[in-house]
Every structure is written in C-alpha cells, then in structure tokens.
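Below are some comments on the model you sent, set out as numbered points. They begin with the boundary between the two parts of the chain and then turn to local features of the backbone and side chains.

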Amino acid sequence: MTNHTTRTFNLALKGVQKLIPYKPGKPIDELKRELGLSHIVKLASNESPLGINPNVTIAITKALPNLSRYPDGGGFNLKTALSQKLGVNVEQITLGNGSNDLLEIITRSFVDTKLEIIFSQHAFAVYPIVTQAVGAIARVIPALNYGHDLDAMLDAVNAKTRLVFIANPNNPTGTLLKPEAIKNFIAALPETVLCVLDEAYFEFIAADKHANSISWLIEFPNLIITRTFSKAYGLAGLRIGYSLSSSEIADLLNRVRQPFNNNALALVAAEAALADEDYLALAVETNNQGMMQLTAAFKSLNLEWIPSAGNFISVDFKQPAIPIYEALLKKGVIVRPVGGIYEMPNHLRISIGTKKENLFFIEALSSVLANG
Ligand SMILES: *Cc1c(COP(=O)(O)O)cnc(C)c1O
C-alpha cells in the first residue's frame, strides 16, 4: 500500500481495520469455471435443497410490472401476515434485508465503542463482525460441548454489557439449548442488557424441542427474536428476515433501518412463502430424512459429528479438514470449512441436501477417505 492509501485505511474505525471479510460458501459457477466440472453439488450455505417454491415464482412474476416503483417501506402486507401467523402485534415486527441486516441494525442502535457484546465461541460469524464494525468490545465465551455455556455467559455480564447474542440452534455447530435454560438466562439478565435470540433455523426444530420464545416477549422487554426466510422457506437469494420484540425496540430499529431495506420482490415472496405450509412441511421432512441419511453414513465411516437441530451438520475428522474439503471440491462437492473465525479446523459443515445430493456427497466422501 502507498502512504496515501495507508493513511486512508487508518481513518476507518479500529474494529473495521481489523475485520476479516466474511467467507461465504464457494459459488457453484466458480467451481465449474475452475475445474471444468459439469455436475456440482453445493452443500455449503444451508440453503433449501428444494429450490424455489412455485407459489413464490407466481407472486414474484405478478409483482414484476411494478418494479419501477419503490417497495412498501412499511411492509404492511407481510407484517400483517406475520402478525396473524405468530400472534404478535404488527408494531413488534421489524423487517430486515435478511436477518443479518437486523443483527447489524440492532447492534448499531444500541451499542457503541464503550460497550460490550457477549457471544459464544463457535457462534455465528456475523456476531463478531457486527461487534467489530461498531467498535464495541467482544466478550467471546468458551463453548461447552460446542454449544453456548449460558452460566459462563451470565458471569461475563458487567456494567458495560449491552447485548448478548444467542444462536439457537447455533450455526455451525447445530447445538440446541433447552427452552428452560434460555428462559432462565434471560430472566437473570439485567434489563439493561438486550438478549438477541437468533432463531434462523427455528422451523427445523421438532415441535417438542423448540422454545415458545414469542410468548416470552411479554415478560422480557429486553428480548429480541430474529428469524429468516433464507433457510426453511427457501428465499436466501432474496434477502428477507424479521425481528420480534417489544414495540418500543421495534420503533427504534425501524428508525435506524434504511427506509426501503426490503425489495418489492422479497416482500411478496415472503408473504407467499409464509402462506404455503406444504412447502415448509416438505422442507422439514426432507431435512429430517437427509439428517438420518447423513448420520447413518458418518456412522458407517466411523466419523464423529455434532448432533444438529439445523439443516446442516458438522463432522469431526480429527485432523485438519481443509485437505478433505479440497479433495471433495475436486469431486464436485462444495461443503463449508469452519476453521478461522469458527475455530473448528478439524470439522467440515455439510448442509443437508436432497436424497440424491446427499448420496453424491457420501460417495465422494467415502472415496476421499478411502484414498487419503
Ligand atoms: C443463516 C443465518 C442467519 C441469517 O441469514 P439471513 O440470510 O441474513 O437471514 C442468521 N443467523 C444464523 C445463525 C444463520 O445461520
């Protein structure tokens, strides 16, 4: 770098200077270009293997003629549908450009450089990113069996703490906390500490295991729940998610968010996706079947995995996993390394695909391990 660009670089917030850019899963087209492969299976970004919901295609097609207009910045129709489905008031909902957008809006709304944010080791990579981006102090609490150590997280709370992130289930570990444990944790937090409960994979959790977190909103004015249409609803490419909170918090978040942070197609797509319970049920069923298919294969390959409540699973190879990742790439399978910021260099995270995709992956993995 020249002195000039170095000086400009130094103008950025210290946390921004130290940011390591988020590494997304390798795009299919990139691998096709690099290796000249025609058939590629991507199990790297926890996307829906079912592809686009036909009802969403219809809704989007209908909305196309109006794209010269700004979208409904208030998201009236989608918020109304969400409020009816979830039993919350419209005023408690904030829409985001993906739920990542909300994680950032929440952080920017409440935390500055003097305050601390608590999250777990191995937790979702966006938490350290948004923490550093606002220049706040990150308190990373060592994980307990790859999951959140809620007692230790509570112990870390001090007068400077403003926010705690909890991913349930967590990505990339898939670990799930017991509803009572989360509820007790929030109850023990000072009211001056916000708890962001990130439920990006909520729809995949079995009904007898998921927390009724929405019902806690009445009790806990410092609770914010985030959810997304990217995973079970299959709309990752459109970028839409939402948060549920007290109406006071939602009012603040709605002041900070950009006026048109949800595009017109995402709004109608999310509404159509929300109405289609069959697609959702099929997504969950496909995931459950795929999870059984993969864990059975891991078992026969003598591999250990972390039991997962999400649409992905992390496998422990007990050796640096990057060579295995690269050997899989050569066979046309993209999975996700979780070293680096995730601190799991011996694991790979595999998103659950269709039965066929899972089989393609299992065969590739078996062959890689047999020849390694
Ligand atoms: C995927 C994911 C999100 C959000 O994704 P968006 O596409 O931005 O909605 C949030 N939290 C976790 C833990 C995730 O894995």
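1. The model is a predicted one, and my opening point concerns charge pairing across the domain boundary, where the count of salt bridges between domain 1 and domain 2 is 0. Polar contacts are nevertheless present there, with 7 residue pairs of this kind between domain 1 and domain 2, both residues being at pLDDT 80 or more.

2. On the side of domain 1 that touches domain 2, three elements supply at least two residues each, namely the helix α13 (277-300) and the strands β10 (312-316) and β13 (347-351). Of the contributors to this side, α13 gives the most, with 5 residues. In character, the residues of domain 1 that face domain 2 divide into 13 nonpolar, 9 polar and 4 charged.

3. For orientation, the domain assignment places residues 21-51 together with 278-370 in domain 1, and residues 54-275 in domain 2. The centres of domain 1 and domain 2, taken over C-alpha atoms, are separated by 25 Å, and the contact between them involves 26 residues of domain 1 and 25 residues of domain 2.

4. How much area do domain 1 and domain 2 bury between them? The computed value is about 2100 Å², and 67% of this area lies on carbon and sulfur atoms. Within the share that domain 1 buries against domain 2, Leu280, Ala309 and Tyr342 supply 26%, which is more than any other three residues supply.

5. Turning to side chains, a search of the whole structure finds 9 aromatic pairs. One of these is formed by Phe229 and Tyr242, whose ring centres are 5.8 Å apart and whose planes stand at 50°, so the pair counts as tilted. Phe229 sits in the loop between β7 (223-228) and β8 (241-244), whereas Tyr242 belongs to strand β8 itself, so that the pair links distant parts of the chain, 13 residues apart.

6. Two cis peptide bonds deserve a look when the backbone is inspected. The bond joining Asn168 and Pro169 is cis, with omega at about -5°, and Pro169 lies in the loop between β5 (161-167) and α9 (179-188). The bond from Asn171 to Pro172 is likewise cis, with omega near 15°, and Pro172 too is found in the loop between β5 and α9.

7. A last backbone point concerns Asn46, which has a positive phi of about 55° although this residue is not a glycine. Asn46 is placed in the loop between β1 (41-42) and α4 (54-63).

Technical notes
Residues numbered from 1 in each chain as written. Predicted model: local features only at pLDDT ≥ 70, side-chain atom pairs only at ≥ 80, totals over all residues. Heavy atoms only, no water. Domains from an automatic or database assignment. Contact = heavy atoms within 4.5 Å. Buried area = accessible area lost by both parts, 1.4 Å probe. Salt bridge = Lys/Arg side-chain N within 4 Å of Asp/Glu carboxyl O. Polar contact = N/O pair within 3.5 Å; in protein donor to acceptor, adjacent residues only side chain to side chain. Helix = DSSP H or I, 4+ residues; strand = E, 2+ residues; numbered from the N terminus. Nonpolar A, V, L, I, M, F, W, Y, C, P; charged D, E, K, R; others polar. Phe/Tyr/Trp six-rings, centres within 6.5 Å; stacked < 30°, edge-to-face > 60°.
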